[in-house]
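Morning, everyone. I have one structure to walk through, so let's put it on the screen.

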Amino acid sequence: MPPRVERRIGIARILLVWETLWPALWPPVGLAGIFLSLALFGAFQRLPMALHWALLGASALLMAWLVWRGLMGLRWPDRDAALRHLERVSGLAHRPLAAYEDLPAPGSGDAALWRAHQNWVADRLRKLRLGLPSPGLATRDPYALRAIVAMLLVVALAGTGDGRMRRVASALLPGVGAAKTLSIEAWVTPPAYTGRAPIYLSRAEPGGTPANGETLTVPVNSAFSIRVHGPRNPPALQSASGERGERSKPELLEDTGDRNYVVDTKLADATEFALTVGGRVVRSWNIAVIPDEKPTIALTKPIEKTATGSLRFAYKVHDDYGVVSAEARIALGAPPPPPPAVSTPKPRPGAAKQATHAKPVPHVTPPVIKLALPTLRPRDASGETYVDLTPHPWAGLPVTITLVAEDDAKQEGVSEPVAMTLPARDFRKPLAAAIVEQRRALALDPASTPRIASVIDAFTHDAERYIDDTTVYLALRSAYWRLTSAGHESDLNGIFDLLWATALHIEDGDLSLAESDLRRTRDALNDALARGAGNDEIERLLDELKESFKRYMDSLAARGGNMPNRMEQFAPRDGQTIDRDQLEKMLSAISELARTGAREQAKAMLEQLQAIMENMRVPQQGNEAMSESEQAMAQGVDRMGKLIDRQRQLMDETFRQSGQGGQGGATAGGNGTGGKAGGKHAGKSLEELKRAQEALRQELDGIIRDLGKSGAKVPSSLDKAGRSMESAGERLGEGRADRATGAQGQAIAGLREGAQGLADQLMQSMAGRRGTTGRGNGNNMDPLGRSLPSSGTDLGADVAVPDKIDIQRAREIIEELRRRAGELGRPKIELDYLDRLLKRF
């Protein structure tokens, strides 16, 4: 055949193949079109996973069966079929294509006739046409379902919007394509006590948070949270922890509705998490944990006994996230040898019978000492705590003391146990000593209640002769009847406190009770300042502390008798003296600091006061008299203390003038007599302030003259203070109140240094007469300008305590904040900010 005809024959064969295959493939192709249309419409996304897989499998099997059925017995068209197709489409009769390939039979006739025949066939070949395939689907699809399938596909492709490929992938591979549409949020929240911020686990990106194979390290007990939105069925979280990495059973996330799923779990160990959707892993995280170390606590110094009989604990604590609380636990050690036999007095009639029926025994609660911490949750800190254990029934007995620190995770760290004998108070009066002895015996052997009751009953024999205090008699009789008539253990609650209070009343009267109240209120205030209590509670505790301090000092003064004013001093230790007036000023300073918001400084000064009170020794009457120079130095120290206070007050007034009237505030005439600040804040004029400054200067000259006459050495710092006072007076005369305050501050510093020098001389002189060495180091001062010991308890001289000017400024700031907070016309965000500031004060 000519090349043109051969090409048409090849194309005709292809068309015949299509006409043969299309009728066989139409049923599975139509089913696939319906499936694809439903997938584009998202019909499968609303089905449960199991039903989805079932429909997908059934559709695949059905299409495979239809393909097999259509292709079974199918015959592929050959060359002859292609020739017949061309002849039929071209309308050629007598099969000219087949005749074109014929050969003439030998001897069949005229050659010209054969040529004429071939020319006729070639002329027909010029009219060849391919035509269109005609598979004949109309007979197999009489209802034209193929048009419906095509229409569905067109509508699905044109009207379903974005995400077509994701929906098709989700229909063909349930759970895989849907993973791309998920919204997954995961984060780790460390425990609040660690102070760490939550960590958001994003997808693995350059420089991003570790995820998908990388390891993230977080504190132990952190909360691992996952939020998933989008899947039809709950995702599952599988974890693997431990050395072997054994995977746990998948845990389904909680369904919260509207295709939202959540899970929260605690991280107790290094864990690998895998989030699966439809059995396929979509996210994974490797999380390691930082263990929470146990806190540590240890004594920095051996436990000491103070002058008042209290125990001083000096300790340090450490924890990686902070110590919540610390305490000292006390356990009774080996019991002491039994006391020698004591003949028990014969009880009065009827007493023995009641004593023999006493079944319950009193219970002794071991003392637990709460150790003060300098701040809330300190990580590395040192502290001191004073505690008086002489009232406890175990006083005078061997015990074992262990310090315990606890963190937020309830882990406890313990120190090395310390064995010691609890300090016990010495009672000089026989009846008080006997009561305490029986109280201690009752604590050691609670079963000896009948014998103790008999001894207490014997104490009240001939009460008219030996007991002149009705209160003591009634307390002893009450203790006796409680021991003999108790029917239950609760009936004996407080029996040890009753005996102790009776012994104290016999020994000291009201002094010991006042001291106990002072210590209780002081500890309560210290605790309130440490935990940041409210202003109302701080005010109440301050008032209670002042009241208990007054009662204690009054009782102390009544016990000491009438002493000269200069001898109304208390010696904390090492020859240092401090009088009641100074202690009251310290108390006032603590109150002022707490009210102005400087609570850290107030707490530091309260600890100084505590150290002074715990180490205080009260001088007894009959002390040797001071020499003339020592008396002059003691009086000079007292006079300079008052002079310092007056100079501070004058400096405060000068500071107010400098703030109200600029550089002086004097009248235009320049004479300074009319230079009062105007308005309701008017104070003294500069001329009056100058005269007051000159008066203070003259008083200082008088102190220096008196010291010189007595033979005492005058510190050179007093001369410097005098020159500063003179300079301040000159600047006030010039109308420069702002510059006068600087000279007044220098004068105060000189007075403080001079007072310290005199106190050092006095201590060295008195120590020399007693044959002891003085303090020798004059560099440490207490907040009132007094000398502090160079050894022993550090009273915190390095604590920056605000002076009166700083306190005045703080008060003015607080008043301004309150004024602005009361102006409701200000923006809400500013009012909220002011409220947050005022909450601190």
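Which side chains along strand 1 point to one face and are buried, and which point to the other and are not? This is a predicted model, by the way. In strand 1, residues 183-189, the buried face carries I184, A186 and V188. S183, E185, W187 and T189 point to the other face and are not buried. The general pattern: in a regular strand, side chains alternate between the two faces of the sheet.

Now the partners of strand 1. Strand 4, residues 222-229, runs antiparallel to strand 1, joined by 7 bridges. There, A186 stands opposite I226. Strand 2, residues 199-201, is also antiparallel to strand 1, with 3 bridges. V188 stands opposite I199 in that strand.

On to the rings. The count is 5 aromatic pairs. Take F224 and F273: ring centres 4.6 Å apart, planes at 35 degrees, so the pair is tilted. F224 is in strand 4 and F273 in strand 10, 49 residues apart, so this pair links distant parts of the chain. Both residues, F224 and F273, are buried. Together with W285, F224 and F273 form one aromatic cluster.

Next, Y480 and W481. Their pair is edge-to-face, at 5.1 Å centre to centre and 70 degrees between planes. Y480 is buried at 2% relative accessibility. W481 is partly exposed at 38%.

One charge over a ring: the charged end of R425 sits 5.3 Å from the centre of the F427 ring.

Last stop, Q411. This residue lies in the loop between strands 18 and 19. Why does Q411 count as buried? Its relative accessible area is 19%, and the cut-off is under 20%. A polar atom of the Q411 side chain lies 3.5 Å from the backbone oxygen of E293.

Notes. Residues are numbered from 1 along each chain as its sequence is written. This is a predicted model: local features need pLDDT of at least 70, side-chain atom pairs count only at pLDDT 80 or more; totals for chains, interfaces and linings use all residues. Side-chain values use heavy atoms; hydrogens and water are left out. Helices (H or I, at least four residues) and strands (E, at least two) are DSSP runs, numbered from the N terminus. Buried means under 20% relative accessible area, exposed over 50%, partly exposed in between (1.4 Å probe, protein chains only). A polar contact is a pair of N or O atoms within 3.5 Å; within protein, one must be able to donate a hydrogen and the other to accept it, and residues adjacent in sequence count only if both atoms are side-chain atoms. Two strands pair if DSSP finds at least two bridges between them. Rings of Phe, Tyr and Trp (its six-membered ring) pair if their centres lie within 6.5 Å; planes under 30 degrees apart count as stacked, over 60 as edge-to-face and the rest as tilted. A charge sits over a ring if NZ of Lys or CZ of Arg is within 6 Å of the ring centre and within 35 degrees of the ring normal.
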